[in-house]
Amino acid sequence: MRRLTPTVSEPVAVLRKAGVRAQERALQALSTPSLMTLAGLSSAHLALALAPHARRIWVAAGPGNNGGDGLQAACHLHQWGMRVQVSLMGSPEQLPTDARAAWQNALRAGVPIHSSLPHAWLQEMTDQDLCIDALLGIGSDRPPSDVMQDWIEQMNQCAAPILALDVPTGLDADSGQILGGSPTRRHVVHADTTLTLLAAKPGLFMGHGRDVCGNIWLDTLTRAGPANSLVPPADAWLNTAKPNTKKTHASHKGSHGDVAIVGGEPMALHGMGMTGAAVLAAQAALHGGAGRVILSLLGAPAENTLAAPDLMQRPFHRLDLTQLTVVAGCGGGQAIATVLGDILLHSARLVLDADGLNAVAANPDWQALLRSRSETPDQRATVITPHPLEAARLLGSTAQEVQQDRLQAAQALSAQLQCTVILKGSGSVIASPGEPTRINTSGNGRLAIGGTGDVLAGLTGSRLAQGQSAHEAACTAAWQHGNAADHWPSNDALTASRLAERLH
Ligand SMILES: NC(=O)C1=CN([C@@H]2O[C@H](COP(=O)(O)OP(=O)(O)OC[C@H]3O[C@@H](n4cnc5c(N)ncnc54)[C@H](OP(=O)(O)O)[C@@H]3O)[C@@H](O)[C@H]2O)[C@@H](O)CC1
Ligand SMILES: Nc1ncnc2c1ncn2[C@@H]1O[C@H](COP(=O)(O)OP(=O)(O)O)[C@@H](O)[C@H]1O
Ligand SMILES: [K+]
């Protein structure tokens, strides 16, 4: 069993529900004791570690095998001398085989099992006690029933912390969305800790998953031996790519790459002042360690010269694109369309963001140009950094559809445009042709403010300029960007410009 944090260094495979089921089938026959026995024991160990002084442990057990895990855990905790009560939803006779065996074990051991909520017990529980959510795991495909919703609400309102087994009930393990697309989070368990079983699931790290899982632990239930070779191919991996920011002594500014930021439409052009976005990207490229950063604002001379003394400034026609890492589109407005063809054709390495992506989405010729960059003899690296709406425009779908399956959306876009994609948002997904897809686990809701995406684009450009491949640059930049937010002092405002200066 191990805790999954953004600083985890070994690779962690992520499987969708279908993959977990396949793994379950493959391991079931081999595993002695049964997988549920292992799951129950592991859950009980973690429960005891989380609440060693609990005077009450309430287990809410559902009608499937997730309920079986809870019953098995209750049995151990009871045998170890803890005061446990189980509320079992549904009829014990209808439990699946393993869960039914767990119920019989618990009965034999003398665990109190009821079919309703222990109201008085719940009211007496304190923050030293523990609730165990074993209502639904990966078998849930619809919003919880009315009675279950009531149990969930009681659990969320209880003073004791919550340990969710496998998945917090009400959360879709694949997407991180709330089952049934409910706009409120009332009908999903808000766990303090989630012990996920067999494999990490994507939904725990995306969308609402980050808010309702609490600390995530993983037990693969596989011990050393032949069982390990039966794990199906991963759908993705958690992103563990930390940047190496060390620079050799024997280096000069030319050793660390040149980045040109092209964007920042001024107010004078179409009445929308967006030079700030380009300056943010440029600052991030500088603080990300690029040797030289050139700001090429579209349509007018710089308005921020004094604010950015470290930056060089050039008009677009003076840039030698073939020698540069270009970050294009940040605050690009409509003006980006005037230079996008040249950028797609000639830039040595490219990060395309924001209005650059919107322009590509509207123009099939530019899509073809973007694709063809991977076919040039020098295979020009390209990273695109869409948020869900920009991704939807490129895919011809909706942001909601993208959020329903972020892994699939990022992979489809990467295949369609033959480039690296960072699909931004809670749990950014990094997909590249022929590379394992990554889910970034650093970062938090404080990044949900204007301008942080420009910072990510500039940082990615600096990583490319320093010699990383498109996939590595995207992985390390996404991790570093989120990590800076994770270490931000809680009493200090996080703004994009300050983020750009504190990338460490
Ligand atoms: N098998 C194994 O080897 C191992 C399994 N493991 C554990 O099993 C879990 C998967 O078990 P599972 O497949 O039984 O699914 P689970 O999540 O318990 O739910 C299904 C039940 O809930 C019901 N139900 C569904 N939705 C509902 C709703 N909205 N509201 C109300 N009811 C709803 C559904 O009813 P039905 O759809 O049939 O009407 C069915 O009765 C997995 O997450 C892990 O914890 C581990 O121990 C490792 C070994
Ligand atoms: N809830 C969140 N959790 C983690 N990261 C987030 C969250 N919301 C936004 N982000 C990150 O913040 C950045 C926002 O980018 P974007 O939407 O393009 O904003 P902008 O265009 O204003 O810069 C992205 O890197 C995204 O991954
Ligand atoms: K659960």
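**Exercise 1. Which residues does the UniProt annotation "binding site" cover, and how are they placed in space?**

Solution. The annotation, which comes from an unreviewed UniProt entry, covers Lys424, Gly425, Ser426, Gly427, Ser428 and Gly453; positions are given in the numbering used here, feature names are shortened, and such annotations may be inferred rather than shown by experiment. These residues are spread over 30 residues of sequence, yet they cluster in space, with a largest C-alpha distance of 13.8 Å. Before going further, note that this is a predicted model, in which local features need pLDDT of at least 70, side-chain atom pairs count only at pLDDT 80 or more, and totals for chains, interfaces and linings use all residues. Residues are numbered from 1 along each chain as its sequence is written, while chains are lettered from A and ligands numbered from 1 in the order in which they are written.

**Exercise 2. Describe the surroundings of Lys424 and Ser428, and state whether each is buried or exposed.**

Solution. Begin with the position in the fold: Lys424 lies in the loop between β17 (420-423) and β18 (429-431), and Ser428 has its place in the loop between β17 and β18. Helices (H or I, at least four residues) and strands (E, at least two) are DSSP runs, numbered from the N terminus.

Next, apply the burial criterion, by which a residue is buried if 20 or more other C-beta atoms lie within 10 Å of its own, exposed if 12 or fewer, and partly exposed in between, with C-beta atoms placed from the backbone. Lys424 has 26 other C-beta atoms within 10 Å and is therefore buried; Ser428 has 31 and is buried.

Then list the contacts, where two residues are in contact if their C-beta atoms, placed from the backbone, lie within 7 Å. Leaving aside neighbours within four places in sequence, Lys424 is in contact with Thr385, Pro386, His387, Gly453 and Leu456. Ser428, not counting residues up to four places away in sequence, touches Ile422, Leu423, Asn440 and Ala478.

Finally, consider the strands on either side of the loop: β17 and β18 pair in the antiparallel sense over three bridges, two strands being paired if DSSP finds at least two bridges between them. In this pairing Ile422 stands opposite Ile430 in β18.

**Exercise 3. Which residues come nearest to ligand 2 and to ligand 1, and what is the make-up of each shell?**

Solution. A residue is near a molecule if its C-beta atom, placed from the backbone, lies within 6 Å of it. Around ligand 2 there are 18 residues, of which Lys424, Gly443, Leu447, Ala448 and Gly453 come nearest. Helix α16 (residues 452-465) contributes the largest share of this shell, four residues. For the classes, Ala, Val, Leu, Ile, Met, Phe, Trp, Tyr, Cys and Pro count as nonpolar, Asp, Glu, Lys and Arg as charged, and the others, Gly among them, as polar; on this basis the shell around ligand 2 has four nonpolar, 12 polar and two charged residues.

Turning to ligand 1, 28 residues surround it, the closest being Gly64, Asn65, Asn66, Gly137 and Gly139. The elements that give two or more residues to this shell are α1 (17-28), α2 (35-50) and α3 (65-79), and α3 gives the most, with four residues. By class, the shell around ligand 1 has 13 nonpolar, 10 polar and five charged residues.

**Exercise 4. What is the order of strands in the open sheet of 11 strands, and how is strand β14 placed?**

Solution. The order is β2-β10-β19-β18-β17-β16-β15-β14-β11-β12-β13, with mixed pairing. β2 (13-14) and β13 (312-313) stand at the edges with a single partner strand each, so one side of each is left without a neighbour in the sheet.

For strand β14 (residues 325-328), look at its two partners in turn. Strand β11 (residues 258-263) runs parallel to β14 and is joined to it by four bridges, with Ala260 opposite Val326. Strand β15 (residues 349-352) also pairs with β14 in the parallel sense over four bridges, and here Val326 stands opposite Leu350.

In a regular strand the side chains alternate between the two faces of the sheet. Both faces of β14 are covered, since Thr325 and Val327 on one side and Val326 and Ala328 on the other are all buried.
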